[in-house]
Amino acid sequence: MIFYYFLIAIGVIITLFAIYNFVNIKKIEKNFDNYLFLITSSKAYFFGATLFSLAILLIISYQVVDYIFDIKIFSIVFFFSSLFLLSLSHLLYYVTLKKKLKDYKDFFKNFEVDLDNRCEKLMLKHIYEKEKNIEKVKEIFKKNKYLCKKS
């Protein structure tokens, strides 16, 4: 029985993260972190995760609709509902970020980043994680750009 209460507690925590993401959607700023997140993330991943969690939620809900008031069943349905909310919040955050940062291609022209080259995008992200000074990031990236050969 403790397992089901633990599952509910995890569901509550995941739901709080989802609510936090929904609130932060309104506070999106144009900063380097968000630009990097935008170019290194994939909409397909967020869309797939949302559809997958929704499918699991619908299948489980359909199977247990008669037993929803049992604490065991409720905890499982609540857990998968919270996973769906979290993946939906990530998808909405990404879509909103993409709309708000439409100028990301112009922003990365200064860095001479090939946005079709995943290696260059990840290298830029890694350099920025180590060095927060934008001018130094540009310099280091330009020196090491040759390591990412387009295949």
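**Exercise 1. Asn117**

Task: In this predicted model, determine where Asn117 is placed, whether Asn117 is buried or exposed, and which backbone atom its side chain reaches.

Solution.
Step 1. Asn117 is found in the loop between H5 and H6.
Step 2. The relative accessible area of Asn117 is 8%. Buried means under 20%, so Asn117 is classed as buried.
Step 3. The side chain of Asn117 reaches the backbone nitrogen of Cys119, at a distance of 3.0 Å. This value lies within the 3.5 Å limit for a polar contact.

**Exercise 2. Lys30 and Asp103**

Task: State how many salt bridges the structure holds, and explain what the pair Lys30 and Asp103 ties together.

Solution.
Step 1. There are five salt bridges in the structure. Side chains of opposite charge can pair when their charged atoms come close.
Step 2. One of the five joins Lys30 to Asp103, with the closest N and O atoms 3.6 Å apart. The cut-off for a salt bridge is 4 Å, so this distance satisfies it.
Step 3. Lys30 belongs to the loop between helix H1 (2-25) and helix H2 (32-40), whereas Asp103 belongs to the loop between helix H4 (71-100) and helix H5 (104-107). The pair therefore ties together parts that are 73 residues apart in sequence.
Step 4. Lys30 has a relative accessible area of 51% and is exposed; Asp103, at 28%, is partly exposed.

**Exercise 3. Glu112 and Lys142**

Task: Identify where the partners Glu112 and Lys142 lie in the structure, and classify the accessibility of Glu112 and of Lys142.

Solution.
Step 1. The side chains of Glu112 and Lys142 form a salt bridge, with an N to O distance of 3.7 Å.
Step 2. Glu112 lies in the loop between H5 and helix H6 (118-130), and Lys142 lies in helix H7 (residues 134-144). The salt bridge thus ties together parts that are 30 residues apart in sequence.
Step 3. Glu112 is partly exposed, at 45% relative accessible area. Lys142 is likewise partly exposed, at 40%.

**Exercise 4. Lys138 and Glu135**

Task: Describe how Lys138 and Glu135 are placed within helix H7, and decide whether Lys138 is buried or exposed and whether Glu135 is buried or exposed.

Solution.
Step 1. Lys138 and Glu135 meet through their side chains in a salt bridge of 3.9 Å, N to O.
Step 2. Both residues are in helix H7; because they are three residues apart, about one helical turn separates them.
Step 3. Lys138 has a relative accessible area of 19% and is buried, whereas Glu135, at 52%, is exposed.

Terms used: Residues are numbered from 1 along each chain as its sequence is written. This is a predicted model: local features need pLDDT of at least 70, side-chain atom pairs count only at pLDDT 80 or more; totals for chains, interfaces and linings use all residues. Side-chain values use heavy atoms; hydrogens and water are left out. Helices (H or I, at least four residues) and strands (E, at least two) are DSSP runs, numbered from the N terminus. Buried means under 20% relative accessible area, exposed over 50%, partly exposed in between (1.4 Å probe, protein chains only). A polar contact is a pair of N or O atoms within 3.5 Å; within protein, one must be able to donate a hydrogen and the other to accept it, and residues adjacent in sequence count only if both atoms are side-chain atoms.
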